[in-house]
Amino acid sequence: MLIAPEDPGSETIRVPVLKVFDGDGFLTRIDNPRRGASLEVTIRLGFIDAPEMEQPGGIEARDFLQSLIGGRHVDLAILIKMDTGGIVDRHKRIVAVPYLQMDQSNGASSAASQLGQFIRGLTAPSHRNIELEMILNGWAWVLDRYGPDESYFEALDDAQRNRRGIWANDDNVHPWEFKKQRYRTRRAKPKPAPQTPLFDAPEAAISCPMEGCDGQLVEKSGRFGTFLGCSNFPRCRHSRNLNG
């Protein structure tokens, strides 16, 4: 496993990782000591896109992120989402970059640390950039439309050249293209024809048997109970009881 030492370039908030959903999202809890309250929220990693769970590598990407941060505390550098103008995206998720303190690392090799320092050009960082580690190890794309640091593209190129993770395959589909294809497929499916409920099916109309009458027998009520009478009443006075 390759790690990417890097310190956050902005203020962070420390939160626990309660559950990892996939390769780019997890559940956390944010405490508000002043109000004595806490709120569980979903975090969406800001600059990467991991395979969907239905795609090849989706489960592996989730498991890899779980191995990095599952059950630990991370420091979130919260981002502003361009399309909403706030820290929450249109799916009500907080967008952020998670950092893990180096003292929480397990068995990180010096060679791996040197790779991360080469990418960022930093010395003795106290944190690891989890997004960069997902890219370096081959489990995520870079969301270039959001303007990430150049180190993200260097990490992606390194993972592709060394065929790590999903890059061991030659037919990868970008997650956003996969979602578009899935949406088109759902829209193209023919909708089933509506079926009349078995017990609500209307009875076939009964024509009036009187010669020259074009009416139909309909259920009516009288002083002797219900009966079938002609819809052309009073021009046609044909009637009969419900039992024929």
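Visitor: Why is arginine 163 called partly exposed?
Guide: The model is predicted, and in it arginine 163 has a relative accessibility of 41%. Buried means under 20% and exposed means over 50%, with partly exposed in between. The value of 41% lies between these limits, so arginine 163 counts as partly exposed. The residue sits in the loop between α4 and α5.

Visitor: What makes the phi of arginine 163 worth a remark?
Guide: Phi is near 50° there, a positive value in a residue other than glycine. Lysine 92 is another such case, with phi near 65°.

Visitor: Where is lysine 92, and why is it called exposed?
Guide: Lysine 92 is in the loop between β5 and β6. Its relative accessibility is 69%. Exposed requires over 50%, therefore lysine 92 belongs to that class.

Visitor: Which class does isoleucine 87 fall into, and how do you know?
Guide: Isoleucine 87 is also placed in the loop between β5 and β6. Its relative accessible area is 34%. That is neither under 20% nor over 50%, so isoleucine 87 is partly exposed.

Visitor: What makes Ile78, Ile80 and Ile87 a nonpolar patch?
Guide: A patch takes residues with over 30% relative accessible area and no salt bridge, and nonpolar side chains are joined within 5 Å. Isoleucine 87, at 34%, passes the area limit. Together Ile78, Ile80 and Ile87 have about 250 Å² of accessible area on the surface.

Visitor: Why is the contact of arginine 44 with aspartate 24 called a salt bridge?
Guide: The N to O distance between the two side chains is 3.7 Å. The limit is 4 Å between a side-chain nitrogen of Lys or Arg and a carboxyl oxygen of Asp or Glu, so the pair qualifies. Arginine 44 lies in strand β3 and aspartate 24 in the loop between β1 and β2, so the bridge ties together parts 20 residues apart in sequence. Both arginine 44 and aspartate 24 are buried.

Visitor: What makes glutamate 52 and arginine 182 a salt bridge, and what does the pair tie together?
Guide: Their side chains meet at 3.6 Å, N to O. This is within 4 Å, so the pair is a salt bridge. Glutamate 52 is in the loop between β4 and α1, while arginine 182 is in helix α5, so parts 130 residues apart in sequence are tied together.

Visitor: Buried or partly exposed: how are glutamate 52 and arginine 182 classed?
Guide: Glutamate 52 has 18% relative accessibility. The limit for buried is under 20%, so glutamate 52 is buried. Arginine 182, at 24%, is above that limit and not over 50%, so arginine 182 is partly exposed. Both residues also belong to a network of salt bridges that links Glu52, Glu54, Lys179 and Arg182.

Visitor: How do you know that arginine 164 and aspartate 158 form a salt bridge?
Guide: The distance is 2.7 Å, N to O. Since the pair is within 4 Å, the definition is met. Aspartate 158 has a relative accessible area of 13% and is therefore buried, the limit being under 20%. The structure holds 15 salt bridges.

Visitor: Why does proline 148 count as buried?
Guide: Its relative accessibility is 10%. Under 20% is buried, so proline 148 is in that class. Proline 148 is found in the loop between β8 and α4. Its C-alpha atom is 9.0 Å from that of isoleucine 48, although the two are 100 residues apart along the chain.

Visitor: What is the omega of the peptide bond from phenylalanine 233 to proline 234?
Guide: Omega is near 15°, and the bond is cis. Proline 234 is in the loop between β11 and β12.

Visitor: How much space lies in the largest pocket, and which residues are closest to its centre?
Guide: The largest pocket holds about 560 Å³ of space. It is lined by 24 residues, the closest to the centre being Arg44, Arg90, His91, Arg93 and Lys179. Two or more lining residues come from each of β1, β3 and α5. The largest share, four residues, is from β3.

Visitor: How do the lining residues of the largest pocket divide by class?
Guide: Eight are nonpolar, four polar and 12 charged. Arg and Lys count as charged, so Arg44 and Lys179 are in the charged class.

Terms used. Residues are numbered from 1 along each chain as its sequence is written. This is a predicted model: local features need pLDDT of at least 70, side-chain atom pairs count only at pLDDT 80 or more; totals for chains, interfaces and linings use all residues. Side-chain values use heavy atoms; hydrogens and water are left out. On a 1 Å grid over the protein atoms alone, a cavity is a set of points where a 1.4 Å probe fits but cannot get out, and a pocket is an open set with protein on both sides within 12 Å along at least five of seven lines; lining residues have an atom within 4 Å of a point. Grid points are joined across faces, edges and corners, and a volume is the space filled by probe spheres set on the points. Patches are made of residues with over 30% relative accessible area and no salt bridge: like charges are joined within 9 Å, nonpolar side chains (Val, Leu, Ile, Met, Phe, Trp, Tyr) within 5 Å. Accessible areas come from the Shrake-Rupley method with a 1.4 Å probe; for residues, only the protein chains shown count as cover. Buried means under 20% relative accessible area, exposed over 50%, partly exposed in between (1.4 Å probe, protein chains only).
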